[in-house]
Amino acid sequence: SDHDTDDASDEDEDEDAPITASNFAARSRALDAKAALDAQLDAEELQTAAEADADEFEGFEDMSDEEEEVDAPGAGAEDEGAVVLLTAEERAEEKSSGGPDVRVVQRRMRECVRTLKRWKGEASGAKTGRSRFEFVEQLVSDIASYYGYNDFLTGKLFQLFPAIEFFDANEVPRPVTIRTNTLRTRRRDLAQALIDRGVNLEPIGKWTNVGLQVFESGVPIGATPEYLAGHYMLQAASSFLPVIALSPQPHERVLDMASAPGGKATHMAALMQNTGVIFANDANKVRTKSLTANVHRLGCKNVVVCSYDGREFPKVMGGFDRVLLDAPCSGTGVISKDASVKINKTERDFTLLSHLQKQLILCAIDSVNPASKTGGYLVYSTCSVTVEENEAVVDYALRKRPNVHLVDAGLEFGRPGYPSYRGKSFHGSIKLTRRFYPHVHNMDGFFVAKFRVTKRAKRSNDEEVKRANDMSMDEGVMEEDVRFDEREDEEYIQEAKRRRLKAKGVRVPPSRSHTAPSAISG
């Protein structure tokens, strides 16, 4: 209609105008429409990618002909052999001499990308006189040098994202976002109050009704009267996701296993309308100070702050309707906030973190009450993009706890989890998990998985009898085949006692046996 056309034209005209209370709703509608269009384009892109022949370097951005003419060595030359590949010794020498010229690295990266995109098996190898592996090795080395990563992490991330866009996105800070505290105000009222203070902001998107994105502010956004009064929390958009997925209900009993500084716990308190109880736990006692401060500032009356190692649950307490485990991780999704991740992560770090996450997720599962009438859910999340900390941990939990299964996280966007990675296949339901990337969704790299915990199936009588028979047979075999000779062990026992007494400062006679100590130490 003419009226709709006028509205649309008005919205277009107001697009660059300052945000006011009068045009706030229109801007919100326009943003929702844009988000819907982006989602449609994203779905079409995924469909196209699925139908096309999967190529490892599909993610690289195409370069224009103009760029090729300006940047390619020997402008306009089609010879792929123009790429200068360095040997390992030459790369080491280049680093020791202070590193290569940035423009040289940029050009070499572009040429490697172009060559790899055009690679057509043995024909390309014969033409260039080099193998595909050599080009990949050179590209990874140049990415490490250009963006400042160590070689290990560059290789690890390149296996996941064979595209420069991911590394580029980590050089740009994510948008500043705030979460409206609905215990104290409404988003519309908060937006108006901040606009009156000269803050330029917009709703984040239709997937959240409490988030606002701040573009510019004439006042410190973390020191306004509204902030101090607890009307909002400075919080990354990705941190909304696990709470939205968990969806805690009023009057429930909820556990946040690693909650500091309290963004997620206070978000849950608002969703539960200050009813029920939330146990906000963090293993680091120092961090509970900021957690407690935010709980008080935001007026959360149903939060109990505690400090236990997450692995002590459910021995400390259990029977929760819902549990949120935002696990400690490598931080490979938040490199834009913490650049130290680029150089301080090793293979050992990922091994130890993965082991800790597997321990925590089993404890979290065991802390859920499967008989809960309203809940029985666990959400596992990390701010990491690596498979070892995400899909591998979820797959481990599904194998170790047969009474648990994945359910839809209820998030409208995000990429599905990897069904397989580097030859390892995961549980078929892993596609229900969600991944978020800085270069795709313009938010921190994040992973979210939602589990439903059910009662453990009781064994039938036949199974119990069979299990008992198996155990008795095993015991019989042990009694028959494995016997302990106390006389043989006596000298070892005495030697151990002698050492204990000696450690306490008691004078003891020298050992009568020369074989026992060597056997023990060996």
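The buried residues of helix H14 pack against five elements of the chain, namely helix H11 (225–228), strand S4 (232–234), helix H13 (263–271), strand S6 (277–281) and strand S7 (303–306). The model in which this packing is seen is a predicted one. H14 itself covers residues 288–297, and its buried residues are Thr288, Leu291, Asn294, Val295 and Arg297. As a general background to such a pattern, an α-helix has 3.6 residues a turn, so residues three or four places apart point the same way. After the helix comes Gly299, whose phi is positive, near 70 degrees.

Taken as a whole, the protein chain contains 21 helices and 15 strands. Of its 522 residues, 43% are buried. Among the contacts between residues at least 6 apart in sequence, 72% join residues that are at least 24 apart.

Strand S4, already met as a packing partner of H14, also belongs to an open sheet of four strands, which has the order S2-S3-S1-S4 and antiparallel pairing. S2 and S4 stand at the edges of this sheet with a single partner strand each, so one side of each is left without a neighbour in the sheet. From one strand to the next, the twist averages 35 degrees. In general, strands of a sheet pair through backbone hydrogen bonds, either parallel or antiparallel.

Is the edge strand S2 mostly covered or mostly open? Strand S2, residues 199–203, is mostly covered, since four of its five residues are buried. Its pairing with strand S3 (residues 211–217) is antiparallel and runs over five bridges. Two residues of S2 and their counterparts in S3 are set out below.

| Residue in S2 | Counterpart in S3 |
|---|---|
| Val199 | Ser217, its bridge partner |
| Leu201 | Val214, standing opposite |

Helix H10 (residues 187–196) lies across strand S1 (176–180), S2, S3 and S4, and it runs at about 155 degrees to S2.

Elsewhere in the chain, two helices cross each other. The axes of helix H7 (residues 132–147) and helix H8 (residues 151–160) come within 9 Å and cross at roughly 120 degrees, which makes H7 oblique to H8. The crossing in which H7 passes H8 is right-handed. On the side of H7 the contact is made by Val136, Leu139, Val140, Ile143 and Ala144, while H8 contributes Asp151, Thr154, Gly155 and Phe158. Sorted by kind, the residues of this contact divide into six nonpolar, two polar and one charged.

Conventions. Residues are numbered from 1 along each chain as its sequence is written. This is a predicted model: local features need pLDDT of at least 70, side-chain atom pairs count only at pLDDT 80 or more; totals for chains, interfaces and linings use all residues. Side-chain values use heavy atoms; hydrogens and water are left out. Buried means under 20% relative accessible area, exposed over 50%, partly exposed in between (1.4 Å probe, protein chains only). Two strands pair if DSSP finds at least two bridges between them. Axes are lines fitted to C-alpha atoms, for helices over the stretch in contact, and angles run from 0 to 180 degrees between N-to-C directions. Angles under 35 degrees count as roughly parallel, over 145 as roughly antiparallel, 65 to 115 as roughly perpendicular and the rest as oblique. A crossing is left-handed if the near helix is turned anticlockwise from the far one by less than a right angle, and right-handed if clockwise. Contact means heavy atoms within 4.5 Å. Ala, Val, Leu, Ile, Met, Phe, Trp, Tyr, Cys and Pro count as nonpolar, Asp, Glu, Lys and Arg as charged, and the others, Gly among them, as polar.
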